[in-house]
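Visitor: I'd like to learn how to read the contact between two parts of a chain. Could you walk me through it with an example?

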Amino acid sequence: MQRVGIPHGLFYYYYYPLWKTFFSDLGAEVIASSESNRLTLDEGLKSAVDETCLPIKVYFGHIRELCRQNLDYMFIPRLVSVEPKSYICPKFMGIPDMVKAAFTDLPPLIDVTIDVSRTDRRLKQDIVRVGNLFTQDKKKIRKAYIHACQEYYFCSRLAREGYTRAEAIQLWEGKPVDSFSTGDLNIGVLGHGYSLYDQFISMSLIGRLRKMGCNTFFPESLEQEAVENEAATIPKRVFWTLGRKMVGSALYMDKSPAIDGIIYLACFGCGPDSLIGEIIEQKMHHKPFMMLTIDEHSGEGGLVTRLEAFCDMLRRRRMRGEGNLPAYG
Ligand code: SF4
């Protein structure tokens, strides 16, 4: 049985169920690296260039771990576009090249290009090309891909029900997720899935909020059509897929009477975040908004203090019936 490694970072939180199903149905054994931890980051820091963002550094740590696993292939796709006329951050586009330049002991890479803004045909050809590494049976490859898409939609449905993408994957794998009681505050939590739902990178931001009595809402749990409509109200279309969803979700939450406050988790060194965070901050008129920027030096103490202060402020504001004074008028 051929062994395929999938790093537990970046696109993992969005597409792991899809690719795991695809490779498993073709008879491969899928090995995911372990959840991010301090060692992952330390190993990533040794391999990645200083200028990259925190999630990329952590991703490099996952690759280092997988290099020790005696794999036949490592799956590192080149994500260009996952929606028509929208693009993923340029770092995703260059990741197979960055990885090849940084590691000398890599197994062969499966670096399929996903670019749905161009043509479906190329993607179909690439999927067959990847499938051919395991079988020459085209029917089997097609069936595996259809099944993979079904599993992906199943996990997306779980995310719409309010689970984080990480919890959705856990449930999909048949593992239990921590139950959480209903809180008195409703907080919209925004950020790229691979930083927000990675407990190490986010320093368990979501778990901490829940323990502080907050109900958490994510971009994936909102009505996607409404999110797109809100995103379309800003003068220039945001062509980054994740960035546009953040802007649309923030505008939607800002108008939603049920939401008490909004938190945006940004990563230091992230180009799109520096722009998207600024746009969101300027557009928040009705709800208190807090932007948290993290990097490899961020400490849990600072995070906890800011979360507690934010929650206290929201409760005090509610008790006194105070309105919001937006930072940008
Ligand atoms: S969007 Fe930002 S955080 Fe994500 S990979 Fe690109 S630079 Fe890094």
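Visitor: How many residue pairs are in polar contact across the interface of domain 1 and domain 2?

Guide: Happy to help! Keep in mind that this is a predicted model. The rule finds 11 residue pairs in polar contact across that interface, with both residues at pLDDT 80 or more.

Visitor: Which helices supply at least two residues each to the side of domain 1 that touches domain 2?

Guide: They are helix 1 (12–25), helix 2 (38–47), helix 3 (54–67), helix 4 (90–102) and helix 6 (138–160). Helix 3 gives the largest share of that side, with 4 residues. Sorted by class, this side of domain 1 holds 17 nonpolar, 4 polar and 7 charged residues.

Visitor: And how many salt bridges cross the interface of domain 1 and domain 2?

Guide: The rule finds 2 salt bridges there. As for salt bridges in this model, Arg 244 forms one with Glu 83, and their closest N and O atoms are 2.7 Å apart.

Visitor: Where do the two domains lie along the chain?

Guide: The domain assignment places domain 1 at 3–160 and domain 2 at 178–320. The contact takes 28 residues from domain 1 and 25 residues from domain 2. Taken over C-alpha atoms, the domain centres are 26 Å apart.

Visitor: What area do domain 1 and domain 2 bury between them?

Guide: The general idea first: the size of an interface is often given as the accessible area lost when the parts come together. Here, domain 1 and domain 2 bury about 2,200 Å², with 61% of it on carbon and sulfur atoms. In domain 1, Tyr 13, Tyr 14 and Leu 54 lose the most area to domain 2, together 27% of what that side buries.

Notes: Residues numbered from 1 in each chain as written. Predicted model: local features only at pLDDT ≥ 70, side-chain atom pairs only at ≥ 80, totals over all residues. Heavy atoms only, no water. Domains from an automatic or database assignment. Contact = heavy atoms within 4.5 Å. Buried area = accessible area lost by both parts, 1.4 Å probe. Salt bridge = Lys/Arg side-chain N within 4 Å of Asp/Glu carboxyl O. Polar contact = N/O pair within 3.5 Å; in protein donor to acceptor, adjacent residues only side chain to side chain. Nonpolar A, V, L, I, M, F, W, Y, C, P; charged D, E, K, R; others polar.
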